[in-house]
Each structure stands twice: as C-alpha cells, then as structure tokens.
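Biologist: I should like to understand the reasoning behind the terms used for this complex. Could we take them one at a time?

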Amino acid sequence: MPETRLPEQFRDLEQWIGWSLETEGERSDRRQASAMEDITAFYEAMLARMDEALSYLEQFSLEELPDDARRLFYLTLSLAEVAPAVEQFGQPSVVDGYDIKRFVATHR
Amino acid sequence: MSATPNGTPANGNGAAGGYKWHNKYPHLGTGPVSADVFTSQEQFELERERIFKKVWLNVGRVERIPNPGDYFVQDLAVCNTSVIVVRGKDGAVHAFHNMCSHRGNKIAWDQGGTCQNFTCKFHGWSYGLDGKLKFVPDEESFFDLKKETLGLTRVAVDVWEGFIFINVDPNPTETLPEYLGDLATGLEGYPFGEFSTTSTSWTSEVNANWKVIKDAFQEVYHIAFLHKRSIPDSFTSKDNPYAHSLDVTLYPRHGSMSLFGSADYKPSPVAKLAAQHGEIVIRSDFSMDGLPAGVNPLRSEAWSLDLNVIFPAFFVDVSQGSYFTHQFMPIGVDKTLWTSTQYYTRATTPGRRFSQEYGNVIFRDIIMEDGRTFEETQSMLSSGAKKEFYLHDEEILVRHSHHVIDQMLKGQPVDAAFAANGKEAASHA
C-alpha cells in the first residue's frame, strides 16, 4: 500500500481511509456495520474539512481525478452516506425503517 | 384555491373550511375503502385481466437502450409474460413477448445487454432486432414452415418524453398519448431528457399488495408522523402542520398533487453543503423559469414537488433540478416488485456529484421509512379484523385510485363519472 493515499494536505484524514469506498452499496454496508461513535467521529472529522476538500477537488473533472484525489472524493461521498445517521436518526440505520439489505441498488 | 399571504395553503380541509379536495371532486364520495381489495385473490385476478393486461405500463426509459441492439427484459408476472424491449436498427424502440415461436422457450434469459440477433438457446432459432425470424437450423427437415409468419410476437410500445410504455393488449383501445391525456400535456417541456443522464435506482420484492405500496406514496397525511425524523420541517410548517397539499388535479385515471414546501426548513450541515454544490430534491430556493404549466401548477412560492400518479402504478414526481419515479409491478396478490429511481443531470464536477449523492442517500432513507409500513400493513390485512378503511381529504388520490380500479373491474367506463363531475364542478364554480 502506498505511504500516502490522500493528497498531502489531507493526510490528517488518513485514519478514515476505510471509508473511501467506490459504490453506494459499499458505503451503505459500512454505515450499517459501524458503531455510532465511529460514524460520528468520521462525520465530524470530514465535515470540518469539506470546504477545503471540495475546493481542492474542483480543480479536477470527475473523469480525470488522480488516484489520491479520487480517494478523497470517495470520502466526501461517505460523508453524504453517514449524514442522515448522525443528523436525523442518531443510529446507523433508519429508525423504524425497511430492511435496507432488501433494497438493492441497481446502479453503481 | 385560497392561500395565506406567505403561500401556505389555508387549512381549508375539514368542516370549518369545507373539504377542499372533496368539494373539487365530489363524485368520489366520502365512503370507506373496502379492506379486502388488498388481499382478495379474486380481485387480483380481475386486476390482472381488466387493468394490467389492458393499459399502458411504464417499463423504463430510453437512456437504458441508447444504441441499436441494446435491449432489456421486463418481467411482467401480472401480465403472465416477459417482454423484450429493444432499440432496433431503425432507431425505434420495439417490444416483443420474450418467447420463441418454435416451442415457446424464453428467448432472453438475462436482464439485458446488446446483441445483433435474439437466438433461442433451445434449438437455435434466430430473430432480428425487428423480431423477424431470420434463421432456423436444419430448416429443410420442417414441414411447410412459413418463416415470415413466425416472428416474435409484438407488444405495443410507445415512448412519451423518453419514458417507454408497453401494452400487452394485442389491440390496445387507446394510443399512449390518448391514455396519458392531459396529465402528459401539462408535463411536456419539463427537461426529462436532460435530467435523465444519470440515474440511481433501487429495487425490492415486497410482501405486500401493489396498492398498499402505491397508496403509501400518494398522500401527504403521513409525512408529519412517519417522516418526523428524516424530514421534520421540509413539508410541514407552523402554519401547515399536516403538510396539506397546494393543489390536486384528477384525470379520469391519473392524478397529480402539488406539495407544499416549507420556508421553515432548516438544512442540516451536510444538506447545506450539498445545496451549495448542486441540486437536492427538497430545496428552499428555486426558479419557476422554464417549468411547464403542469409543474407547480399554482406557481406557488411554497412549492416543493409534484406527485404525478400515472395509472395504474407509475409515479413521475417532479421537482426543480431533478425528478424521481416509483414503479410497482405486481407479482401476486401479496407480492410486488418495488422500484424507485432518482434522475439527475450527469455531474461533471466532484462537488456536484457529492451533492447528488447526498440527494440519493436522503431520498433512499426517506423511502425506507415508507417501506417499513408495506409489510407491516399487509401482514395485518390478512387478519380480516378490519372490513374497511376511512380516508382523509388529503388522501384523495388514494380514494380516486380505488374508485378507478373499482370502475374498471366492474367494466364501467372511467370517463363517465368523471365527465359528470366536471359538469357538477363547473356549476359550483
């Protein structure tokens, strides 16, 4: 594994690299499988860096993201994934929700 | 329609203000809905024969099959068939029963792809993209085979605004434009094509009657309760605590409801970020520019989105910047394939893609709240403990839907009562 997987100025987010996941299915699975304190810690760490992260990423088009920027981009998508858990539900899954494992994403 | 100065719908429903939607469509009456329509096998068989095998059904969008030879398979258990939908060499969309003319085997066993011919795996009979029988192995050993009469069996197909509809009736009594009627006319000009360059779609086989699912998505009465966590202040406000809708328009079979969007909405930190970088479905600022007359029909500043319920089981719910659909395909009386899809303009920047991802996740989690009710409801319906259900004035699309189904199962023309109501409504005006 390369020593730095994220762009240099975002090395402080390296500890969250496990959230750098390409598909919604993977991100959703990780959210559902994580403890709320881990989700909240990731949420807070990411939220604090989002303005900088999105500004940094705006220099690239989606199709031409370098690998390190792409990993950072996937972290921003994981923030979108966990946001409702923190902001709306206070738990990983939708409170009184349908079984999300049975709600199958047919997109990537 | 009355509205308070800030655009909030007046709480006109109820005895004091008159029953707003009932007064507009009095022919629907005020009676309860019979509980057994959700559990009766006999009712389901009638729905199969008199509704699903007779009307136009949405099976997807043209973006799924952009090039000649691109195809997908739509299983239609409710119509006792499976249909191949293919882009022909002529560029047009064709549909065929997924069945070989030789001995009936299903031609396409997969869910879609790209091909030059459809070749049966059983004995190798091969059909062109136009359905014509092109090749029969060892043809000389057949007896008087008339290949020109043995093509795939066509299914009526037409496209409206990029939405593909099929009709398994060998002789449909209406064209697709006739079927969609004024609902479609009002939506034409909405940038469906532009907004459909990216889609995110989920599907689930639900142990519930298709109408249980449909009804859950065609009323606003539940919002303040079922969605109190996910969207506590998007569709409700101090002045409109029960999310009363802005407007309702019924057609002989279809129906539309224009939903209130609250100025009290306070975006969460991530919602704020998403709104800064792109579109999300529920937003507090938008422009009316370019919207066709059927979208936000009252041109209300307190608008969020419109539900457009295309009979029997397809929703095209439009907002500013994106839209979503729900499709409910019955499998059996208590089993339904539920598909929800959110459509966007393809993002070219990471920020916009992030914004869309937030929109996806929020949408998915909200409908997970809806989804929980389906099987919880169906599981109790079978008890038979309740014989009928009572509907709120804001549940008029539910009332209308059951009324239309009832008429069609009885073989009554759906337009007659509606036309009579139109006269009545005009005389009240």
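Modeller: Let us begin with helix length: the expected span of a helix is 1.5 Å times one less than its number of residues. Helix H8 of chain B, residues 396-409, has 14 residues and reaches 20 Å from its first C-alpha to its last, close to the 20 Å expected. Please keep in mind throughout that this is a predicted model.

Biologist: What makes H8(B) count as largely enclosed by the rest of the structure?

Modeller: A residue is buried if 20 or more other C-beta atoms lie within 10 Å of its own. Ten of the 14 residues of H8(B) are buried, and therefore the helix is described as largely enclosed. Among them are Ile396(B), Leu397(B), Arg399(B), His400(B) and Met408(B). After the helix comes Gly411(B), with a positive phi near 75°.

Biologist: Why is Glu178(B) called exposed?

Modeller: The limit for an exposed residue is 12 or fewer neighbours. Glu178(B) has 11 C-beta neighbours inside 10 Å, so it counts as exposed. This residue is found in helix H3 of chain B, residues 176-187. Its C-alpha atom is separated by 32 Å from that of Asp370(B), which is 192 residues away along the chain.

Biologist: How much confidence does the predictor place in the two chains?

Modeller: Chain A averages a pLDDT of 95, with 95% of its residues scoring at least 70. Within chain A, the element with the lowest mean pLDDT is E1(A), at 93, and the one with the highest is H3(A), at 98. For chain B the mean is 91, and 90% of the residues reach 70 or more. Residues 1-6 of chain B have a pLDDT below 50, and this stretch has ten contacts in the model beyond near neighbours in sequence. Residues 424-429 of chain B are also below 50, with three such contacts. For the complex, the predictor gives an ipTM of 0.97 and a pTM of 0.93.

Biologist: How many residues of each chain take part in the contact between chain A and chain B?

Modeller: Two residues are in contact if their C-beta atoms lie within 7 Å. By that criterion, 33 residues of chain A are in contact with 30 residues of chain B. On the side of chain A, helix H2 (36-57), helix H3 (67-89) and strand E1 (104-105) each supply at least two residues. The largest share, eleven residues, comes from H3(A). The residues on this side of chain A divide into 21 nonpolar, six polar and six charged.

Biologist: How do you know that E1(A) pairs with strand E12 of chain B?

Modeller: Two strands pair if at least two bridges are found between them. Two bridges join E1(A) to E12(B), residues 198-206, and the strands run antiparallel. Within this pairing, Val104(A) stands opposite Thr203(B).

Biologist: Which strands belong to the sheet that contains E1(A), and which are its edges?

Modeller: Eight strands form an open antiparallel sheet in the order E1(A)-E12(B)-E18(B)-E17(B)-E16(B)-E15(B)-E14(B)-E13(B). The edge strands are E1(A) and E13(B), residues 247-250, each of which pairs on one side only. Helix H7 of chain B, residues 350-381, packs on this sheet and touches E12(B), E17(B) and E18(B); its direction makes about 160° with that of E18(B).

Biologist: Why are E5 and E6 of chain B placed at the edges of their sheet?

Modeller: Their sheet is open and antiparallel, with four strands in the order E5-E4-E3-E6 of chain B. E5(B), residues 93-97, and E6(B), residues 112-114, each have a single partner strand, so one side of each is left without a neighbour in the sheet. From one strand to the next, the twist averages 20°.

Biologist: What joins these edge strands to their partners?

Modeller: Three bridges join E3(B), residues 70-76, to E6(B), and Phe72(B) stands opposite Gly112(B). Five bridges join E4(B), residues 81-87, to E5(B), where Val86(B) stands opposite His94(B). The hairpin of E4(B) and E5(B) has five residues between the strands, and there Gly91(B) takes a positive phi near 85°.

Biologist: Is E5(B) mostly covered or mostly uncovered?

Modeller: Four of the five residues of E5(B) are buried, and the strand is described as mostly covered.

Definitions and conventions: Residues numbered from 1 in each chain as written. Chains lettered and ligands numbered in written order. Predicted model: local features only at pLDDT ≥ 70, side-chain atom pairs only at ≥ 80, totals over all residues. pLDDT = per-residue confidence, 0-100. Nonpolar A, V, L, I, M, F, W, Y, C, P; charged D, E, K, R; others polar. Axes fitted to C-alpha atoms, helices over the stretch in contact; angles between N-to-C directions.
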